Amino acid sequence: MTDLSLYRNIGIFAHVDAGKTTTTERILKLTGKIHKIGEVHDGETTTDFMDQERERGITIQSAATTCFWKDHRFNIIDTPGHVDFTIEVYRSLKVLDGGIGVFCGSGGVEPQSETNWRYANDSKVARVIYVNKLDRMGADFYRVIKQVETVLGAVPVVMTLPIGTEDEFVGVVDLLTKKAWIWDNSGDPNNYVIQDIPADMVELAAEWREKLIDQVADQFDDVMEAYLEGETPDVATLKRCLRKGTINLDFFPTFCGSSFKNKGVQLVLDGVVDYLPNPTEVNPQPEVDLEGNPTGEFAVVDADRPLRSLAFKIMDDRFGALTFLRIYSGKLEKGTAVLNTFTGKTERIGRIVQMHADSREEVESAQAGDIVAVLGMKNVQTGHTLCDPKFPATLEPMVFPAPVISLAISPKNKDGSEKMGIALGKMVQEDPSFHVETDEDSGETILKGMGELHLDIKVDILRRTHGVEVVVGKPQVAYRETITKTIEDSYTHKKQSGGSGQYGKIDYRIEPNEPGTGFEFVSAVTGGNVPREFWPAVEKGFKSMLDKGVLAGFPCLDFKVTLLDGAFHAVDSSAIAFEIAAKAGFRQSIPKAGPQLLEPIMKVDVFTPEDHVGDVIGDLNRRRGMIKSQEAGITGVRIKADVPLSEMFGYIGHLRTMTSGRGQFSMEFSHYIACPKNVADAVIVEVREREAAAKK
């Protein structure tokens, strides 16, 4: 029986290029998991094992690995930082107990850090903060601390202070033990000495230590009372306070260092052991019924209870499909049967493996608190619950954002069609934010995703991993349609052709609804003119028409249908007759209700050197952008704007040209708003032309 108090399930997350993967590499070296450190810029890191990751120097999919530090077992997930892959961060946070938020010493709190922090808050994940890259030009630890407070609204508790900055960065002061850790320049993380705090930092360290005690002493009344009476808590007491406050999300212990230069990582690992929760110390996962409503039961982390596990990732590799599971309670044993509550079918557990990036170690069983991968599962998808067939239960599932961008592809030759279908099927299973559809009019295959880079990588994986050569069309924007006027209308569906006929009459009102509310149906019928059993059929009829609007065939949003009255026939009326009446009513009334095209607006965050600010703002204005704010930093200016997605294709190329290659940007979906008339007209014409060409 494993001691769960020695487990730490942690994720490492941050903005692109803040040093997550480099930090993971250092952790693996320090814990003895690897002997040679790989670098991102050489394409040799352990957790970035896809060809696409090594070439681009970014993490695309989260990688899992297991290592040990001071008798504690760490299950670590290194997550991507790029906004197009936030889904990987979201689903990893869902199954983790704690995290390390990595921030760049010079970049500070960047846009993706904010998104990831928000996800971690939603998932109630305890974190320690690690301010990395303090050896870089423009690095400023104290500025990053300020940003954590102002931008993230979080409370950092500073645990270590940097000794020296930029090129002069040599080590850190540990405020708890009042000692300095100094590393030499050999690049070996184990070549350090622990000595007294440098004379010029004694006062500063005393001031920050006092602040640390102020922040954490109120976790326990007896500690607070003793402190107010002038008694300074000892290190063990401070650690107890820090642990409690960190697990309660009251504050976040904050460390500093330089992973690339191998300085400061040991203290972060100690922080994970000392302050982040083990699996038994986090709130248990709520269980839900098949409709998704809470049952009031919880999956308590205990190996002796019935099995509850969540599939949080599917990965296809050279040995077949791997299903990553977080086990919340019970045991998972090789050769036993488990129930998938989503499909209602049982599956046999074949091989269970512990992952180390893309290599693996086979185990006979796993238990509550473990993160493992299982080979050969057939019908399991991300978010499915696998449980004990005798005690079925469903864990709270994951919710994924809708794609905002699409791309048409077709195989280069006829033979590639089947191969492409199989490959896309596997890719959809792996990534819930990636959708594939077939356009009925043109027969084209449409890929839908979270951004240009997301789809670019998918096409690359199709070509290289699956050997399917494809022709790629232009990216398409996921427009939506809505209405602007309230209209009352009536429709009668009547069909008589010998035998029993069909009859259903509905009087209804269609009106615009609040943005973001989707579709709403209510019945205001009094008396029995439309019997209650036919109301769901009317709702189903209207609902089934939402996918194809009347302007350009885009899905419809944000309107309300109220069933006011109607009529029925004792013999000829049926649910199907009322459903057909509702469908025809939609086609009849929506064109009269002022239909309007909506376009997706992206939250764009641009970083540019100061001398190019005017050019960048002018360019965003030309792209119909609304500038929200500008913040000047040491190394440049951050501009936040809302810009229509249709204007952002190929933006990175323009930005690099304008800023001599120094500009960066990230964007994520924000909301839908009405399209200007000239843009809407052009989109409608383009869609009609495409449909006409497909029919030829």
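This is a tour of one chain, stop by stop, with what to select and what is there.

The model is predicted: local features need pLDDT of at least 70, side-chain atom pairs count only at pLDDT 80 or more, and totals for chains, interfaces and linings use all residues. Residues are numbered from 1 along each chain as its sequence is written, and side-chain values use heavy atoms, with hydrogens and water left out.

**Whole chain**

Start with the full chain coloured by secondary structure. It has 16 helices and 37 strands; helices (H or I, at least four residues) and strands (E, at least two) are DSSP runs, numbered from the N terminus. Of its 696 residues, 54% count as buried, where buried means under 20% relative accessible area, exposed over 50% and partly exposed in between, with a 1.4 Å probe and protein chains only. Among contacts (heavy atoms within 4.5 Å) with a separation of 6 or more, 71% are between residues 24 or more positions apart.

**Strand 4**

Select residues 98–104, which make up strand 4. Seven of the seven residues are buried, so strand 4 is largely enclosed by the rest of the structure. In a regular strand the side chains alternate between the two faces of the sheet. Here Gly-98, Ile-100, Val-102 and Cys-104 are buried on one side, and Gly-99, Gly-101 and Phe-103 are buried on the other.

Now add strand 1 (residues 7–14), which runs parallel to strand 4 and is joined to it by five bridges; two strands pair if DSSP finds at least two bridges between them. Phe-13 stands opposite Gly-101 of strand 4. Then add strand 5 (residues 126–132), also parallel to strand 4 and joined to it by seven bridges. The bridge partner of Gly-98 in strand 5 is Ala-126.

**The nonpolar cores**

Keep Ile-100 in view and add Phe-74 and Leu-161. These three touch the most other members of the largest nonpolar core, which has 72 residues. A nonpolar core is a set of buried Ala, Val, Leu, Ile, Met, Phe, Trp, Tyr and Cys residues joined through side-chain atoms within 4.5 Å. Helix 9 (residues 265–275) supplies the largest share of this core, seven residues. A second, separate core of 46 residues includes Val-459, Met-602, Val-606 and Val-616.

Around Leu-161, and not counting residues up to four places away in sequence, the contacts include Phe-141, Tyr-142, Met-201, Trp-208 and Cys-256.

**Helices 8 and 9**

Next show helix 8 (residues 235–247) with helix 9. They pack at an angle of about 80°, with axes 9 Å apart; axes are lines fitted to C-alpha atoms, for helices over the stretch in contact, and angles run from 0 to 180 degrees between N-to-C directions. The two helices are therefore roughly perpendicular to each other. On helix 8 the contact is made by Lys-239, Leu-242, Arg-243, Thr-246 and Ile-247, and on helix 9 by Val-273, Asp-274 and Tyr-275.

**A three-stranded sheet**

Move to strand 12 (residues 285–288). The open sheet here has the order 13-12-24, with antiparallel pairing. Strand 13 (294–299) and strand 24 (394–395) are at the edges with a single partner strand each, so one side of each is left without a neighbour in the sheet. Strands 12 and 13 pair over three bridges, and Gln-285 has Ala-299 of strand 13 as its bridge partner.

**A four-stranded sheet and its helices**

Select strands 30, 31, 33 and 32, which form an open sheet in that order with mixed pairing. Strand 30 and strand 32 (519–523) are the edge strands, each with a single partner, so one side of each has no neighbour in the sheet. The twist averages 25° from one strand to the next. Strands 31 and 33 run antiparallel and are joined by eight bridges; in strand 33, Ala-567 is the bridge partner of Lys-505.

Helix 12 packs on the sheet, touching strands 31, 32 and 33, and its direction makes about 155° with that of strand 32. Helix 13 also packs on the sheet, touching strands 30, 31 and 33, at about 40° to the direction of strand 31. The buried residues of helix 13 include Phe-578, Glu-579 and Phe-586.

**Ser-490**

End at Ser-490, in strand 30. Ser-490 is partly exposed, with a relative accessible area of 30%. Leaving aside neighbours within four places in sequence, Ser-490 is in contact with Lys-505, Ile-506, Asp-507, Tyr-508 and Gln-588. Its C-alpha atom is separated by 9.9 Å from that of Leu-563, 73 residues apart along the chain.

Definitions and conventions: Angles under 35 degrees count as roughly parallel, over 145 as roughly antiparallel, 65 to 115 as roughly perpendicular and the rest as oblique.
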